[in-house]
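Here are some exercises to work through with the structure open on your screen. Try each task before you read its solution.

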Amino acid sequence: MKGTVYKSTGSWYYVKAQDGSFINCRIKGRFRIQGIKSTNPVAVGDVVEFEIQDKAGEQVGVITDIHDRKNYIVRKSVNLSKRTHIIAANVDLAFMLVTLKDPVTFTDFIDRFLVTCEAYHVTPILVFNKIDQYTKQELVLVKNLIALYSDIGYQTIEVSAATGKNVEELKSMIKGKTSIFSGHSGVGKSTLVNALEPGLNLKTAEISQQHKQGQHTTTFAEMFDLSFSGQIIDTPGIKGFGIVDMENSEIGDYFPEFFAIKGDCKFHNCLHLDEPKCAVKQAVEQGTVAWSRYKSYLQIIQGEDENYRTDLYAE
Ligand SMILES: Nc1nc2c(ncn2[C@@H]2O[C@H](COP(=O)(O)OP(=O)(O)OP(=O)(O)O)[C@@H](O)[C@H]2O)c(=O)[nH]1
Ligand SMILES: [Zn+2]
């Protein structure tokens, strides 16, 4: 039988069958997926084949096969092993909530998210939340950022989870799709999702509270059906996505505006660093490519820490 994984605890998988019923499944003993060094062979969002077995009068599912993934999102494993943890598979849209204050979202964080989405073939959408809380001056900064990213070709939307502004528009974007929401703690993920689907209480708040108390909890993603069709994957405790398994030579290609002009670089394998006659660096100098984007690129290529801070908004 075919089904979709809605939840996993590491040893159990909660699978929704095509008839809408849910079955607890285990993985067949020596079941492994070739070519993926991950700590979890099956993830939320995976489409799987399973068999029903009768164990002491109880029906238990056994996952026997996994269908090809359209895409998957990973993060580095917490234990620093070289293996990765698959957060979710078969994701259509990845939303990142951005706020310019309370908390501040810096452009390097946005850019890392976008690069990861490019690499994993997930469509990113930048959601500028808390649009109700900005002064006129701050709104100018928001508009500038929106212009920057929409010029590159990214979808953006201004919303207010508090006042409901553009929540209906956002709803029409997620309708019928499988979406994932990320962003710094406090950007309003839970509030927004509750505005989209009242009653769907995501665990994000609860988990970050646990972090504050210094507890380490292993958290697992979970998928929820939306009443107006579509699914949201809740990923407790995940602010952004890690950049893993990326060669320096491919990072530039995940900046669409760099990719578009790299044919004009003197060297076909230009890394846009110190090479002469680099079209990307020229574009940065001329202002047609944003300096903040180039700066993020340098940070990623130099492997700087994700929490590296810049104060670009002050410029
Ligand atoms: N002014 C304003 N406040 C908002 C808006 N959306 C959320 N908030 C407030 O921002 C705070 C954080 O919101 P949450 O929904 O808990 O944020 P979160 O992203 O889920 O945070 P974590 O659970 O820590 O990841 C709360 O006090 C919300 O009431 C908004 O659109 N406007
Ligand atoms: Zn170049």
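**Exercise 1. Find the bridge partner of Gly 3 in E4, then place strand E1 among its neighbours.**

Solution.
- Start with the pair itself: Gly 3 has Val 48 as its bridge partner in E4. Keep in mind that you're looking at a predicted model.
- Zoom out to the strands. E1 (residues 2–8) is mostly covered, with five of its seven residues buried. Strand E4 (residues 47–55) pairs with E1 in the antiparallel sense, over three bridges.
- Now look at strand E2 (residues 13–17), which is antiparallel to E1 too and pairs with it over five bridges. Here Thr 4 has Lys 16 as its bridge partner in E2.
- Finish at the turn. E1 and E2 make a hairpin with four residues between them, and Gly 10 in that turn has a positive phi of about 105 degrees.

**Exercise 2. Work out which way the residues of strand E13 point, and which strands pair with E13.**

Solution.
- Take the side chains: Gln 231 and Ile 233 point one way from E13 (residues 231–234), while Ile 232 and Asp 234 point the other way. All of them are buried.
- Go to the parallel partner. That's strand E11 (residues 178–182), paired with E13 over three bridges. Ser 179 sits opposite Ile 232 in E13.
- Then the antiparallel partner: strand E12 (residues 222–225) pairs with E13 over four bridges, and Glu 222 stands opposite Asp 234 in E13.
- E12 and E13 form a hairpin with five residues between the strands, where Ser 229 takes a positive phi near 75 degrees.

**Exercise 3. Is Leu 271 buried, partly exposed or exposed?**

Solution.
- Locate Leu 271 in the loop between helix H7 (256–259) and helix H8 (279–286).
- Count its surroundings: 17 other C-beta atoms lie within 10 Å. A buried residue needs 20 or more, and an exposed one has 12 or fewer. So Leu 271 is partly exposed, because its count of 17 falls in between.
- Check what Leu 271 touches. Setting aside residues up to four places away in sequence, the contacts are Asn 248, Ser 249 and Gly 252.
- For one of these, compare sequence and space: Leu 271 and Ser 249 are 22 residues apart along the chain, yet their C-alpha atoms are separated by 6.5 Å.

**Exercise 4. Which residues have the most contacts inside the largest nonpolar core?**

Solution.
- The general idea first: nonpolar side chains tend to be buried together in soluble globular proteins.
- In this model, the largest nonpolar core has 69 residues, and Ala 43, Ala 88, Met 96 and Val 127 have the most contacts inside it. Helix H1 (residues 107–120) gives the largest share of this core, seven residues.
- Follow up on Ala 88. Beyond its neighbours within four places in sequence, its contacts include Ala 43, Tyr 72, Ile 180 and Ile 233.

**Exercise 5. Describe the shell around ligand 1.**

Solution.
- Begin with who's closest: of the 18 residues around ligand 1, Ala 162, Ser 185, Gly 188, Ser 190 and Thr 191 come nearest.
- Sort the shell by type: four residues are nonpolar, 11 polar and three charged.
- Trace the helices. H4 (189–196) and H5 (204–212) each supply at least two residues of the shell.

Key
Residues numbered from 1 in each chain as written. Chains lettered and ligands numbered in written order. Predicted model: local features only at pLDDT ≥ 70, side-chain atom pairs only at ≥ 80, totals over all residues. Near = placed C-beta within 6 Å. Nonpolar A, V, L, I, M, F, W, Y, C, P; charged D, E, K, R; others polar. Pairing = 2+ DSSP bridges. Contact = placed C-beta atoms within 7 Å. Core = buried A, V, L, I, M, F, W, Y, C linked by C-beta atoms within 7 Å.
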